[in-house]
Structure formats: C-alpha cells, structure tokens
Amino acid sequence: MLRLSPWIIVAALGLLRPDVTAAQDSQPSATGGCLACHAGIEPIRDPESEMMQRILRLGRQQGDPEGCVVCHGGDTSGQTKGQAHRAPFYPDPGSPWVNEKTCGQCHERHVATQMTSLMMTESGKIQGTIWSFGAMDRGYEHTWGNYDVQNPADPASRIGTADYLAYMEALRLKEPAAFPDAQESLPAAPTDLSLLHEQPELAAFTYIRAECQRCHLGVKGRQKRGDFRGMGCSACHVPYGNEGLYEGGDPSIPRDKPGHMLVHSIQATREAKVTVGDTTYTGIPVETCTTCHDRGKRIGVSFQGLMESAYHSPFTEGGGGQVALHTKHYIAMQEDIHYQKGMMCADCHTSIDVHGDGFIAGTNLAQVEIECPDCHGTPKAYPWELPLGYMDEFAESVQVGDARGVATELPSHVRQGTVYPAEDGYLRTARGNAFPDIVRRGNKVVVHTASGKDLELEPLKLKFEEETLSTEARVAMCQVGKHMDRMECYACHATWVPQCYGCHLKIDYSKGQRSFDWVAAGNEHLKESKRADRGENGYDTDMPGKVTEQRSYMRWEDPPLGVSGEGRVTPVTPGCQPSITIIGENGETIIRNHIYRTPPNTEGGGPDGQLAIDMSPGQPHTIGKARSCESCHASEKALGYGIGGGRLTRPMNHPVVIDLMTADREILPEQHIAQIEGIPELEGDWSRYVSEDGEQLMTVGHHWSGSRPLNDTERANMDRHDICLSCHQEIPTESLAVSLLHHTAKYAGALPTNRDEHGALVHKVMLFSAWGQVSTTLLALAALVLLIWQSIRRKRRRVATAPAGTGDAPPS
C-alpha cells in the first residue's frame with residue numbers, strides 16, 4: 001500500500017490556499033507535519049520514481065522524512081500554519097525568484113539558463129513593438145529585455161555539443177543584432193504625461209508593459225480563462241486547467257476559486273505520470289503552452305486548429321455567446337498534422353528551444369534549433385545524410401557539407417528526462433545537438449512522444465526510393481529543384497495561416513485610465529521580501545494609460561510569401577501593424593490613426609524610412625497536405641501585391657463619408673460625419689507590401705538582415721496568373737489549326753469538360769509538342785547528315801570517274 005507522505009512534496013507548487021483565516025492559521029496541527037493540513041493531496045511524482053526517491057533522501061538529510069522542505073522550505077515542526085510556513089517558505093518552488101534553491105538542487109543547468117532565455121527576456125516582442133513606434137534609435141538591436149542580464153564570460157559555457165557551439169558562434173558573428181552580449185530592462189512607462197505631446201512614441205512602453213509582457217516567466221500572469229499558470233518552472237511543468245480550478249484531493253485548497261493548479265503533480269517526459277480523476281497522462285499538454293502562445297503569431301492556438309474570430313457565435317445553452325478563451329473567440333479550423341497524430345510541442349521542440357542555452361537570444365529564430373528535414377529529410381537525403389545547417393542557412397544559398405550523422409550519447413541535463421534506447425543513433429538538429437526522443441531505426445525514424453506513442457515515419461528519401469511519393473510531391477520536391485533549394489517546407493505545407501490585418505491601437509491617458517505593469521511586477525519579485533510570493537496579487541504596479549486594440553479584418557486562406565532571416569521563402573503574416581491613437585491626460589487627442597516610419601534608408605524606404613507596419617515571416621504550425629500550386633502561382637496575394645491585388649479596398653488615407661449625395665458624390669447634408677476615418681500614412685491595403693514594379697511598401701521582418709519581400713526575379717519566376725489565356729486566346733476560332741481541332745473534338749464529343757479531362761489534354765499537348773519538336777530537330781539533323789553524306793559521296797564519285805591525265809597532275 002502506497003504511503004501518502006511523499007505526495008506532498010511540492011504542496012500545490014505555490015497554490016496553497018492563500019485566504020485561510022487568522023483563526024484557521026492559529027489552529028494547532030493534529031499530527032504534525034504537512035499532511036496534518038494537506039492529507040489526501042496527490043503525488044508530485046510516482047513514489048517509486050528516481051526523482052521522488054532523491055527528494056526523500058534530501059528530506060531526511062534536512063530533518064524532514066516527508067521531503068516537503070526540499071522544495072517548499074518552511075518548518076515541519078510548526079504547530080500552526082504561520083509557524084509551518086515561516087521563512088524561508090516557498091509557496092511556488094518553481095518561481096524563478098527562488099528556484100535556484102528548489103528546482104536548482106537537481107536541475108542546476110536548467111535553472112542557470114532561465115534569465116537569458118527568450119521566455120524570460122521576451123526581447124523579440126519588445127524590439128518588434130519598439131520598431132512599430134519608429135524604432136527609437138534601437139533599430140534592429142535586441143538590447144532591451146524585461147530584466148538586466150549579461151552573457152556568461154566564457155563562450156564555452158554555452159550548453160550544447162562542440163558542433164553546436166561553433167555553429168552558434170558563427171551565427172552570432174553573422175547576425176550580432178539578434179545576439180547581444182547584454183540586455184537592460186526596458187525603460188519605464190511615462191508618468192510625466194506632458195512628455196507625450198513632444199514624444200508620443202514613449203507610449204510604446206505603456207503598451208509593452210501592459211499587454212505584451214504578461215506572459216514572461218517572471219510573473220504569474222493574467223488570471224483569465226485559459227491563462228492560468230505558475231511561474232518559472234511551474235509555468236510549464238505544473239498542470240492548470242483553463243478554468244483555473246483545483247480538482248485534487250487536498251482539502252485545504254478551494255475547489256471553486258480559480259487560480260489554482262489542476263492537480264498537484266509535475267508534468268514532463270514520459271516517466272512523469274499525472275492522474276486527473278480516472279485518467280493518467282504523461283507529457284506536457286499543448287494547452288499548457290497555449291496559455292502564452294495565443295497572441296502574436298498565435299502558434300499555439302493555430303496548432304490546435306483555432307482561428308481567432310470577431311464573433312461570439314454559435315450560441316450556447318440559454319442563448320449566450322461562445323465563452324471567451326484567452327479573452328478571445330475562435331473558429332474551429334484544421335489542426336496541425338502533428339497534433340492530429342498525438343504529438344505535443346515538446347516532441348519536436350528541444351530543451352534548448354524552450355529553456356535556452358545560457359546565452360541571450362533576441363528572437364525565436366535565434367533560439368530554436370530545429371528544422372523539418374531534421375526528421376523528414378529530403379527526397380535526395382536521409383536526415384543523417386544532410387549537412388548541419390540545412391534549411392537554417394541564414395543565407396540565400398543551400399547549405400552543403402559533410403553528413404551530420406547521428407549521435408550515440410546524450411548530455412547529462414537531457415538524461416534527467418526519459419532516456420530511450422539509441423538504436424541506430426539519435427537524430428541531430430540542424431545546429432548539431434541530439435534529439436533525445438527521436439532515433440534512427442534502419443532507414444526509418446521513430447519519434448518517442450512524451451505521451452507514450454512511438455511514431456514510426458518514413459523519411460522522404462525512403463518514400464522516393466520505394467516510389468510511394470504522390471505525383472504532387474514528386475513534382476514539387478524532385479522535379480522543381482528550386483522548391484527544396486529556396487523554400488521552407490511549410491511554405492507549401494501550411495494549410496492555413498492566421499492573418500489579422502491592421503492593429504488599431506489606442507492608449508488612453510485621460511484621468512482614471514490605468515493598466516497593470518507586468519514588467520514592474522516582475523521586478524517587484526527581486527525585492528527580498530517578495531521573492532517567495534506566488535503571484536502579483538496586491539502589487540501596486542499600476543501605471544497611467546489604458547490600452548485598447550482593434551483589427552481591420554482577419555483572413556486565414558492562402559498565405560502571402562516572403563523571405564525569412566534564414567534566407568528561405570516562407571509564409572508571412574501581419575506582425576505588428578499598428579495605427580496608433582494616443583489620448584492625453586485631459587482627453588485631448590495627441591496623435592490619431594498614425595503610422596510611424598522606420599529609421600532612414602531601412603527596409604527599402606529611402607531617406608524617409610519605411611512604414612513601420614510589418615509582415616512577419618514565421619512557421620504557422622498548421623502543417624498538413626500541401627496546398628495547391630495555384631495557391632501561390634496564381635495568387636497576387638502570395639506575391640505580396642495584396643488580397644485581390646490590393647484593388648478590393650479603397651485607399652485608406654482618406655475618410656469615407658456615407659450620406660445623401662449627388663451622382664457626382666457631392667454630400668448634401670451640411671451636418672455629416674465620417675463613417676470610416678482615414679489613416680493618413682496608409683495609401684494601399686494592409687495586405688499589400690510590395691508593388692508590381694518592386695517597390696517595398698512596408699517592412700517584412702525586422703529581426704534579421706536577410707528578411708524581405710520576394711524580389712523581382714522571384715516574383716517573375718513564380719507568377720503564373722492568367723496562364724489560361726495562353727491557350728484560350730486561340731480557342732475556338734482565332735487560329736485555323738486550333739479551330740479545326742476544336743470543332744472536330746466538339747462534334748466528336750471529345751471537348752474536355754472537367755479538371756481531369758483538361759489536365760489530360762494539356763498533358764497530351766505538352767508531350768505531343770515536346771516530341772514534335774524533338775522529332776523535328778532529329779529529322780533536321782538526320783537530313784543534314786544525309787546531305788553531307790551525299791555531298792561526300794558525289795565528290796568521291798567524281799574523283800573516281802575522272803579520266804587519266806586530268807586533274808592537277810603536271811604535263812609530261
């Protein structure tokens with residue numbers, strides 16, 4: 001029979017009941033120890049697991065055989081709650097402000113990387129927002145973060161293999177703006193509001209601190225449906241339901257008050273089993289990640305097949321609207337194929353992707369080390385035959401080099417999770433580290449998912465060799481070489497992409513309008529008296545200004561294309577596209593519907609700079625069967641010219657008035673107002689970022705030197721719209737030969753009437769034309785050879801039949 005005593009180890013990981021009354025606080029413990037109050041709490045880990053056994057050993061060394069103090073501190077000899085929880089006591093042991101003393105006892109390397117990791121600094125979001133307010137002399141630099149941080153002095157202390165360290169050092173030298181040596185905490189939001197009249201761009205700091213930075217690991221974050229989580233390690237490794245309600249057995253934790261974990265257990269790799277009710281699961285569910293990844297590029301909700309909607313439909317029981325999730329409403333779309341197969345985020349993403357490697361990474365591409373071919377390979381190469389850096393080139397040429405091979409060993413910090421047999425070797429990432437859960441088995445790949453599935457996949461080369469690739473796949477990847485040389489896999493395989501065009505941002509500083517400052521709240525935790533706090537309740541970090549956001553319109557189909565920092569063609573989607581309105585402290589409008597410009601001579605903008613609204617390259621996480629050829633080659637939107645070529649919307653820089661007017665558009669009532677206000681700097685549509693003659697109209701990426709719209713050559717190579725006219729301009733009567741064939745086919749009932757018949761006809765015409773031209777060429781060559789041969793024969797015949805004494809011989 002299992003003892004209950006080990007089940008308390010992380011005692012709600014910071015979710016011990018915070019609202020116990022003073023009377024309860026003074027009640028003595030019945031039996032002493034934590035279980036006197038927390039009896040019935042579920043196990044943090046399996047009591048027989050290596051992790052639990054180590055915690056118990058450490059607990060005995062610290063005088064607590066139950067092991068509670070190993071993670072929580074406190075005093076098990078206390079007879080009241082106040083005595084038991086006397087300092088040092090850690091309600092949330094995973095908090096980054098205390099986890100060096102808790103989680104770090106066993107996971108030292110993971111804890112050591114947290115302050116420089118992207119989930120803590122969020123410097124990419126900061127740089128992107130500052131960029132949309134005119135860059136403020138920072139340009140492409142990523143030198144502002146949530147906190148002051150510095151890289152380690154020794155480059156060799158970066159976590160990873162020797163190949164990885166060399167790779168990252170070369171990338172750092174190539175793109176120094178994305179790999180700063182240090183970051184400082186971003187400036188405070190303005191409190192002297194008179195400054196906004198001269199420097200309205202300072203409002204960016206209010207926006208960032210109120211909206212963008214609530215997800216970083218230094219705070220518990222917004223307590224809304226779908227957003228409940230812990231801090232630091234607990235943000236990912238402790239399960240929270242979307243309702244934020246506790247469903248475990250601890251009687252001291254209220255089951256009707258949101259803000260608590262689902263159960264008191266750690267979720268991680270396959271060996272960490274979590275039981276909720278009658279269900280036991282392993283791995284970190286996708287919804288844990290989506291707690292934060294529902295904004296910006298929206299990769300978490302997109303992976304789950306959720307597309308943000310402006311509407312609350314369909315109705316619920318009683319006629320209510322769709323309940324909000326992450327404060328938004330959604331349309332159910334097709335889920336990513338990996339999600340459909342039962343994969344979770346951590347089945348692809350490595351420890352370095354999420355924890356960092358100990359050095360500052362300015363943005364996602366700087367920290368994420370994986371690429372699609374790492375598992376799938378290409379039709380010409382198995383994953384282990386590819387060179388390091390393939391599809392991660394940060395250049396516009398294909399990476400070449402020696403085969404990367406496989407790894408046979410795992411580093412120590414990865415071996416703390418589930419370790420799978422190497423079989424024929426662990427696959428390696430594009431940057432040279434081993435995948436601990438993905439192995440080679442002959443010419444196949446096995447993905448050992450954290451949820452318990454062992455998924456076997458056939459790499460593309462094996463499919464090619466066994467001739468199981470579809471015609472579409474063979475054409476796209478084998479016969480059109482530029483696709484594999486210049487494109488990301490998801491340029492075709494992203495089945496849909498969330499596109500929220502136009503971010504209408506209002507920051508209102510009029511009296512009484514205030515917001516919570518998440519960065520200031522995080523810095524409050526740096527105070528010794530607040531390091532152990534389990535959240536930000538009661539923190540006085542409000543600041544002037546209230547943020548409101550609206551959209552112009554949303555789309556999901558047929559993504560536009562551009563070039564990412566990696567140098568490859570990729571989907572692009574609206575990043576920060578803000579039209580900014582700022583209201584002063586007395587209700588006056590300081591700027592209205594204003595679009596800033598980037599620094600001079602950046603992003604193709606000339607001396608005036610470019611419009612600081614962005615189309616952002618990215619991996620949409622909506623992978624499935626590739627879209628049709630026409631979705632790119634017959635799409636003005638894909639080329640960057642905008643939805644419908646940008647012709648479907650009117651110029652947006654003038655207000656639209658709708659009222660009684662004459663046929664010549666003269667407005668009749670003297671008292672009229674604009675129905676749609678103008679955006680002075682925006683002449684075209686939000687979706688149009690390059691013109692037909694190659695003029696760039698807004699930025700395309702702002703983190704990397706290589707990101708850009710498709711250039712003139714790329715667009716010309718790709719553009720096949722109106723290709724039907726090539727044939728139909730002659731059909732049915734414009735050419736005698738075509739007319740004869742058309743009418744013959746018509747009366748014979750052989751005219752194509754559907755897609756398959758049309759395709760068969762075009763295919764036949766193409767083959768007939770090709771063989772006709774080849775045959776003509778061969779016949780011409782044969783005729784030429786025949787003429788030459790006959791000429792030579794005639795000359796020889798004349799020489800042979802010439803009379804003796806003729807020719808060039810001298811007279812006798």
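Ala203 is buried, because its relative accessible area is 0%; buried stands for under 20% relative accessible area, exposed for over 50%, and partly exposed for what lies in between (1.4 Å probe, protein chains only). This residue sits in helix H10, where helices are DSSP runs of H or I with at least four residues and strands are runs of E with at least two, numbered from the N terminus. The C-alpha atom of Ala203 is 9.5 Å from that of Asp508, although 305 residues separate the two along the chain.

Before going further, please keep in mind that this is a predicted model: local features need pLDDT of at least 70, side-chain atom pairs count only at pLDDT 80 or more, and totals for chains, interfaces and linings use all residues. Residues are numbered from 1 along each chain as its sequence is written, and side-chain values use heavy atoms, with hydrogens and water left out.

**Helix H10 and the core**

How many of the residues of H10 are buried? The count is 10 of 10, so the helix is mostly covered by the definition above. Among them are Phe205, Tyr207, Arg209 and Glu211.

The largest nonpolar core has 30 residues, and Ile130, Phe133, Phe205, Tyr207 and Ile507 touch the most other members. Such a core is a set of buried Ala, Val, Leu, Ile, Met, Phe, Trp, Tyr and Cys residues joined through side-chain atoms within 4.5 Å. At least two residues of this core come from each of helix H8 (123–132), helix H10 (203–212), strand S12 (499–508), strand S18 (578–583) and strand S19 (589–594). H10 gives the largest share, seven residues.

**Backbone points to check**

Most residues other than glycine have a negative phi, and most peptide bonds are trans. The table gathers four places that depart from this pattern.

| Place | Feature | Angle |
|---|---|---|
| Ser313 to Pro314 | cis peptide bond | omega about -5 degrees |
| Ile731 to Pro732 | cis peptide bond | omega near 5 degrees |
| Asp137 | positive phi | phi near 65 degrees |
| Met391 | positive phi | phi about 65 degrees |

Pro314 belongs to the loop between strand S6 (306–309) and strand S7 (329–332). Pro732 is in the loop between helix H27 (725–728) and helix H28 (736–747). Asp137 lies in the loop between H8 and strand S1 (144–145), and Met391 in the loop between helix H18 (373–376) and strand S8 (426–428).

Are Asp137 and Met391 buried or exposed? Asp137 counts as exposed because its relative accessibility is 82%, whereas Met391 is buried, with a relative accessible area of 1%.

**Two patches on the surface**

A nonpolar surface patch of about 870 Å² is made by Met766, Leu767, Trp771, Val774, Leu778, Leu781, Leu784, Ile788 and Ile792. Patches take residues with over 30% relative accessible area and no salt bridge, joining like charges within 9 Å and nonpolar side chains (Val, Leu, Ile, Met, Phe, Trp, Tyr) within 5 Å. Areas follow the Shrake-Rupley method with a 1.4 Å probe, and for residues only the protein chains shown count as cover. A salt bridge is a side-chain nitrogen of Lys or Arg within 4 Å of a carboxyl oxygen of Asp or Glu. Trp771 is found in helix H29 and is exposed, with a relative accessible area of 59%.

Arg793, Arg794, Lys795, Arg797 and Arg798 form a positive surface patch. Lys and Arg count as positive and Asp and Glu as negative, while His and the chain ends are not counted; each charge is placed at NZ of Lys, CZ of Arg, CG of Asp or CD of Glu. Arg798 lies in helix H29 (residues 755–801) and counts as exposed because its relative accessibility is 53%.
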